[in-house]
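Subject: The structure you asked about

Hi there,

Here is the structure for you to look through. My notes on what turned up follow just below.

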Amino acid sequence: MWVFFTLLAAFMQAWRNAFQSQLSADVKVAGVTLARFIWAGPFAALYLYGLSLWQPITTPITFELFTAPFWAYVIGASAMQILATALMVQLFKMRDFAIGAGLAKSEAIVAAIFGVLFFGTDLSVLGWIGVIVGAIAIFMMSTREGIKHLSLATLLIGLACGSAFALTSLWVREASLCLDIPFPHRAAWVLLWVIGIQTLSLLLFLAIKDRATLLALWQRPRLTLLISLSSCMGSIGWFSAMSLQAVPYVKTLGQVEVFFTILISTLFLQKQVKIKDVAALVLIGIAAVLVMWS
């Protein structure tokens, strides 16, 4: 079940990144980040309502169900995901879509390291080899014309983006484990609260600081809706998978997204990907297989 949800998430996230890459050409970073959440809340609420009809639970949903640790993880995950999305949009502006999305996938490597250090996850020697292969791939993707022309800014933003996404995933799993209700309801409740906090925070920020960006989103309803829909479906997949399995395993398998990214970039966005960058993306996939195999 967790494998199915992970593959769904990877596929939908590749499309969300593509749509965000298009929107980033005309809208500021904060606006593109908000597009991920602004219509996702209603979709998440409908998903939770559908679950309650399909698989009713006997546990009453009261405010006492959501403990202090739950809120701490949810608020932390909400903030980290906003930061991670903003950094990824910045990557899209610095490099093309496929490379920006590839650098953001350093999340899997960071999640494995953080999981071992702070969340009790074990990785074998083969698993660590996978981590090293993935790190080499990230290094390759951060260079424009070889090592002599290494873009330090791209590398740092990519690693920061991956780290923020990794913390988001780890905290989402911890929040889910705080809820004493069955799967998939606990994942759906975490998703609804996270999206709600993110949407209200960004709407309030832009309403005060940059109303022109809100107008820009209003003038692009189709692309904004596609971003929110694909983001919500991807989040349903990620949150559900991470409720069932440890984050490093979910995120390493989720790196199959890089292959969807290549296809979308070349077939849908009509962009060329250099052979070196394709090789780096393939290495990321190999790293995922090694960690999963371990």
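Of the contacts in the chain between residues at least 6 apart in sequence, 86% join residues at least 24 apart. Please keep in mind that this is a predicted model. The chain has 14 helices and zero strands, and buried residues account for 54% of its 294 residues. Its accessible surface is about 12900 Å², with 73% of that belonging to carbon and sulfur atoms.

Let me start with the inside. In soluble globular proteins, nonpolar side chains tend to be buried together. Here the largest nonpolar core holds 38 residues, and the members that touch the most others are F66, F70, L179, V190, F239 and M242. Eight helices, α1 (2-23), α3 (40-54), α4, α6 (107-118), α8 (152-177), α9, α11 and α12 (247-253), each supply at least two residues of this core. The most comes from α9, which gives seven residues. Another core, of 16 residues, lies apart from it, and F19, L202, L217 and I227 are among its members.

Next, the aromatic rings. A search of the whole structure finds twelve aromatic pairs. One of them is W71 with W193: their ring centres are 4.9 Å apart and the planes meet at 75°, so this pair is edge-to-face. W71 belongs to helix α4 (residues 68-94) and W193 to helix α9 (residues 185-209), so the pair ties together parts of the chain 122 residues apart in sequence. The two partners differ in exposure: W71 is buried because its relative accessible area, 18%, falls under the 20% cut-off, whereas W193 counts as partly exposed at 31%. Both also belong to a cluster, linked by ring pairs, that includes F63, F66, F70 and W189. If you are colouring residues, F66 and F70 are worth picking out, as they appear in this cluster and also in the list of best-connected core members.

There is a charge over a ring as well. The charged end of K251 sits over the ring of W238, 3.5 Å from the ring's centre.

Now to helix α11 (residues 221-244), where A241 is found. This helix has 24 residues and spans 35 Å from first C-alpha to last, close to the 34 Å expected at 1.5 Å a residue. Of its 24 residues, 17 are buried, so α11 is largely enclosed by the rest of the structure. A241 itself is buried, with 0% relative accessibility. Setting aside residues up to four places away in sequence, A241 touches W2, F5, T6 and V250. Its C-alpha is 8.7 Å from that of A187, although the two are 54 residues apart in sequence.

M242 is one of the core members that touch the most others. Leaving aside neighbours within four places in sequence, M242 contacts S169, V172, R173, V247, V250 and K251. So which residue appears in the contact lists of both A241 and M242? That would be V250.

One last detail from the backbone: the peptide bond from F183 to P184 is cis, with omega near 5°. P184 is in the loop between α8 and α9.

Happy browsing, and do write back with any questions.

Best wishes

How values were computed:
Residues are numbered from 1 along each chain as its sequence is written. This is a predicted model: local features need pLDDT of at least 70, side-chain atom pairs count only at pLDDT 80 or more; totals for chains, interfaces and linings use all residues. Side-chain values use heavy atoms; hydrogens and water are left out. Rings of Phe, Tyr and Trp (its six-membered ring) pair if their centres lie within 6.5 Å; planes under 30 degrees apart count as stacked, over 60 as edge-to-face and the rest as tilted. Helices (H or I, at least four residues) and strands (E, at least two) are DSSP runs, numbered from the N terminus. Buried means under 20% relative accessible area, exposed over 50%, partly exposed in between (1.4 Å probe, protein chains only). A charge sits over a ring if NZ of Lys or CZ of Arg is within 6 Å of the ring centre and within 35 degrees of the ring normal. Contact means heavy atoms within 4.5 Å. A nonpolar core is a set of buried Ala, Val, Leu, Ile, Met, Phe, Trp, Tyr and Cys residues joined through side-chain atoms within 4.5 Å. The expected span of a helix is 1.5 Å times one less than its number of residues. Accessible areas come from the Shrake-Rupley method with a 1.4 Å probe; for residues, only the protein chains shown count as cover.
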